[in-house]
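This report describes how the strands of one protein chain are arranged and how some of its residues are placed. Please look at the sequence and the structure first.

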Amino acid sequence: SYYIVVPVSTNGIALLGDQNKFVSLGKKRVSNLEINDTIKTSIIFTKEEKVITLFGYAKQLPKILAKNGSVKDLSYNKESKLFTVTIIKGKTNQDNLVIN
């Protein structure tokens, strides 16, 4: 079995990280993670990456804001309560996300 254990925000959201990666929340991808009512995180892109797909858990469809890049293809499965989102790289190799 493979388990990912992460903290859940007070409004029931958990960021699980890179979809289809063994180390989904590795320090080379997530440099900062603050969890309270919202999740605030800094996501790091490699020089070659233009987009990444993240996934997580939420009680309902979350709202996701990318401060440097943009958010695309946010999807949510009501049965599993899992969401996926594509983050498009901005002008820098780091993007700050707010998930609530």
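## Strands, core and selected residues

In this predicted model, strand 4 (residues 51-58) pairs with strand 7 (residues 82-88) in the antiparallel sense, over seven bridges. Within strand 7, Phe-83 stands opposite Gly-56, and Ile-87 stands opposite Ile-52.

Strand 7 also pairs with strand 6 (residues 70-77), again in the antiparallel sense, and six bridges join them. Val-71 has Ile-87 of strand 7 opposite it. Strand 6 and strand 7 form a hairpin, with four residues between the two strands. In that turn, Lys-81 has a positive phi of about 65°.

These pairings belong to an open sheet of four strands in the order 1-4-7-6, with antiparallel pairing. Strand 1 and strand 6 are the edge strands; each has a single partner strand, so one side of each is left without a neighbour in the sheet. From one strand to the next, the twist averages 25°.

There is also an open sheet of four strands with the order 2-3-8-5, and its pairing is antiparallel. Its edges are strand 2 and strand 5, each of which pairs on one side only. Neighbouring strands in this sheet are turned by 15° against each other on average, direction ignored. Strand 5 and strand 8 run antiparallel and are joined by three bridges. One bridge partner in strand 8 is Val-98, which is matched with Leu-65.

The table lists the opposite residues and bridge partners named above.

| Residue | Partner | Strand of partner |
|---|---|---|
| Gly-56 | Phe-83 | strand 7 |
| Ile-52 | Ile-87 | strand 7 |
| Val-71 | Ile-87 | strand 7 |
| Leu-65 | Val-98 | strand 8 |

Next comes the nonpolar core. In soluble globular proteins, nonpolar side chains tend to be buried together. The largest nonpolar core here has 16 residues, and those that touch the most other members are Ile-13, Ile-43, Ile-52, Leu-54, Ile-87, Leu-97 and Ile-99. Two or more residues of this core come from each of strand 1 (13-18), strand 3 (39-44), strand 4, strand 5 (64-66), strand 7 and strand 8 (94-99).

Ile-52 is one of these core residues. Apart from its neighbours within four places in sequence, Ile-52 is in contact with Asp-18, Arg-29, Ile-43, Phe-45, Val-85, Thr-86 and Ile-87.

Two loop residues complete the description. Is Glu-49 buried or exposed? Glu-49 lies in the loop between strand 3 and strand 4. Its relative accessibility is 17%, and buried means under 20%, so Glu-49 counts as buried. The side chain of Glu-49 makes a polar contact of 2.7 Å with the side chain of Arg-29. Not counting residues up to four places away in sequence, Glu-49 touches Arg-29, Ile-44 and Lys-89.

Leu-25 is found in the loop between strand 1 and strand 2 (30-35). With a relative accessible area of 24%, Leu-25 is partly exposed. Leaving aside neighbours within four places in sequence, the contacts of Leu-25 are Val-6, Leu-15, Leu-16, Gly-17 and Val-30. Leu-25 and Ile-52 are 27 residues apart along the chain, and their C-alpha atoms are separated by 13 Å.

Definitions and conventions:
Residues numbered from 1 in each chain as written. Predicted model: local features only at pLDDT ≥ 70, side-chain atom pairs only at ≥ 80, totals over all residues. Heavy atoms only, no water. Pairing = 2+ DSSP bridges. Core = buried A, V, L, I, M, F, W, Y, C linked by side-chain atoms within 4.5 Å. Buried < 20%, exposed > 50% of the residue type's maximum accessible area, 1.4 Å probe, protein only. Contact = heavy atoms within 4.5 Å. Polar contact = N/O pair within 3.5 Å; in protein donor to acceptor, adjacent residues only side chain to side chain. Axes fitted to C-alpha atoms, helices over the stretch in contact; angles between N-to-C directions.
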